[in-house]
Amino acid sequence: MKLKRVRDLLEAVVLSGESHLEEDVQSGFGCDLMSDVLCFAKEDAILLTGLVNKQVLNTADMANMNSVIFVRNKMPSQEMIDMAKERNLLVMSTKYILFECCGILYKNGLKGAHLR
Amino acid sequence: MSYELIFDVKRGDFDTAGEASRKIKRTLQQLGVSNKVIRKVSIAGYEGEMNLAIHSSGGKILLEVGEEELVLTIEDSGPGIANIDLAMTAGWSTAGDEVRQMGFGAGMGLPNMKNNADNFQISSKVGEGTKIVMKFLV
C-alpha cells in the first residue's frame, strides 16, 4: 500500500516528509513503548503511537522506520517537526485512536511488523 | 582500527539523548556499511545511549570501525550494576516514572543490545561503573 493511501484511510495530516507518500509500505507496528519498538518491530514499517516526544523520532530513525503516525490527535512540537524534516521522516497525525488505526490499516491489507 | 568516534552522554539529558546514535548511524552510512549492520549498531547504540542518560552518572560511547568488525564500547563512571544477571533479564528495570512516561525503562535495553550484537561483553562494579563492549561483524 502506498503511504498516501495510509494518509487517506486515516484522514491524517502530513507534517513532514511528504516525498515519502509515493513509497510502498507492507506493515505497521502500533505501540507507546519505544523499548518494545526497538526490540520487536521490523524495519520499513509504519510506527503508530500516541506517545509524543523526540525519542519517538530517534526510535523510528534508529530502527529504520521512515514513517511515524501520531494517533488520538496528538501533535508534535515545531521542534519535533523540524527534527523529522532534518531526518527525512514522514510524520502524520490522525484523529483516530490506536486501535482504530490498526484496524483500518489491517482491514486494508497492512500486516503486523513483528520481528520474530 | 581505521576510524574512531567518541561521544559524551550526560545523565538525565533527554533533549539531546539520541544525538550520538544518530551521528554513528550517519557515519556508518557514509562509510558504506550495509543497512542490516547499520540497523543493529544503531539500535544497540541507541539503547546504550539511553541507558547512559537514564541510569548512569554520565558516560561515553566509542565507535571503532575496522576492516572486519565494528566495536561499540559504552562506558560510564557509575553507579554500577549490583547483579548483572538480573539486569540482563528481559522486563527487569530500575527506571523511574519519568523515564517510563517517555516510552523507555521496560527492562529490554540490555537484552536487546545483546541480541543485536555478534559479541556482547558486560562488566560492572558498584561504585565504579559499567563497561559494555559490543562487536558487530561487517
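This report walks through a predicted model with two chains, A and B, one sheet at a time and then the place where they meet.

## The sheet of chain A

Let's start with chain A. Its open sheet has 6 strands in the order β1-β5-β4-β3-β2-β6, and the pairing is mixed. At the edges sit β1 (13-16) and β6 (111-112) of chain A, each with a pairing partner on one side only.

Strands pair through backbone hydrogen bonds, in either a parallel or an antiparallel way. In chain A, β2 (residues 27-30) and β3 (residues 46-49) go the parallel way, over 3 bridges. Along this pairing, A:G28 has A:I46 as its bridge partner, and A:G30 stands opposite A:L48. On to the next neighbour: β3(A) and β4(A) also run parallel, joined by 4 bridges, with A:L47 opposite A:V68.

## Helices around that sheet

How does the chain get from one strand to the next? From β2(A) it goes through helix α2 (residues 34-40) of chain A to β3(A), making a right-handed β-α-β unit. From β3(A) the chain then crosses through helix α3 (residues 54-62) of chain A to β4(A), and that crossover is right-handed.

Two further helices of chain A can be placed against the strands. Helix α4 (residues 78-86) of chain A packs on the sheet and touches β1 and β5 (90-93) of chain A, with its direction at about 70° to that of β1(A). Helix α5 (residues 98-107) of chain A lies across β2, β3 and β4 (67-70) of chain A, and runs at about 165° to β2(A).

In a regular strand, side chains alternate between the two faces of the sheet. Now look at β3(A), where both faces are covered: A:I46 and A:L48 are buried on one side, and A:L47 and A:T49 are buried on the other.

## The sheet of chain B

Chain B has an open sheet of 5 strands, ordered β1-β2-β3-β5-β4, with antiparallel pairing. Here the edge strands are β1 and β4 (119-125) of chain B, and the twist averages 10° from one strand to the next. Take β4(B) and β5 (residues 129-137) of chain B as an example: 7 bridges join them in the antiparallel sense, and B:Q121 stands opposite B:V133.

Helices pack on this sheet too. α1(B) touches β1 and β2 of chain B, and its direction makes about 165° with that of β1(B). α2(B) touches β1, β2, β3 (69-76) and β5 of chain B, and its direction makes about 5° with that of β3(B).

## A closer look at two helices of chain B

α1(B) has 12 residues and reaches 17 Å from its first C-alpha to its last, close to the 16 Å expected at 1.5 Å a residue. Its buried residues are B:A20, B:S21, B:R22, B:I24, B:K25 and B:L28. What covers them includes α3 of chain A, together with β1 (3-9), α2 and β2 (59-65) of chain B. Just after the helix, B:G32 takes a positive phi of about 80°.

How many residues of α2(B) are buried? The count is 17 of 21, so α2(B) is largely enclosed by the rest of the structure. The length of α2(B) fits as well: its 21 residues should span 30 Å at 1.5 Å a residue, and its end C-alpha atoms are 29 Å apart, which agrees.

## Where the chains meet

Between the chains, 18 residues of chain B are in contact with 18 residues of chain A. On chain B's side, α1 (19-30), α2 (35-55) and α5 (109-116) each supply at least two residues, and α2(B) gives the most, with 6. By class, that side has 7 nonpolar, 7 polar and 4 charged residues.

## A few backbone oddities

Most residues other than glycine have a negative phi, and most peptide bonds are trans. A:E11, in the loop between α1 (3-9) and β1 of chain A, has a positive phi near 50°. A:E11 counts as exposed because it has 11 C-beta neighbours inside 10 Å. A:R72, in the loop between β4 and α4 of chain A, has a positive phi near 55°. With 15 C-beta neighbours inside 10 Å, A:R72 counts as partly exposed.

Chain B adds a cis peptide bond, which joins B:G78 and B:P79 with omega at about 10°. You'll find B:P79 in the loop between β3 and α3 (84-87) of chain B.

Conventions. Residues are numbered from 1 along each chain as its sequence is written. Chains are lettered from A and ligands numbered from 1 in the order in which they are written. Two strands pair if DSSP finds at least two bridges between them. Two residues are in contact if their C-beta atoms, placed from the backbone, lie within 7 Å. Axes are lines fitted to C-alpha atoms, for helices over the stretch in contact, and angles run from 0 to 180 degrees between N-to-C directions. A residue is buried if 20 or more other C-beta atoms lie within 10 Å of its own, exposed if 12 or fewer, and partly exposed in between; C-beta atoms are placed from the backbone. A crossover is right-handed if, with the strands pointing away from the viewer, the path from the first strand over the helix to the second runs clockwise. Ala, Val, Leu, Ile, Met, Phe, Trp, Tyr, Cys and Pro count as nonpolar, Asp, Glu, Lys and Arg as charged, and the others, Gly among them, as polar. The expected span of a helix is 1.5 Å times one less than its number of residues.
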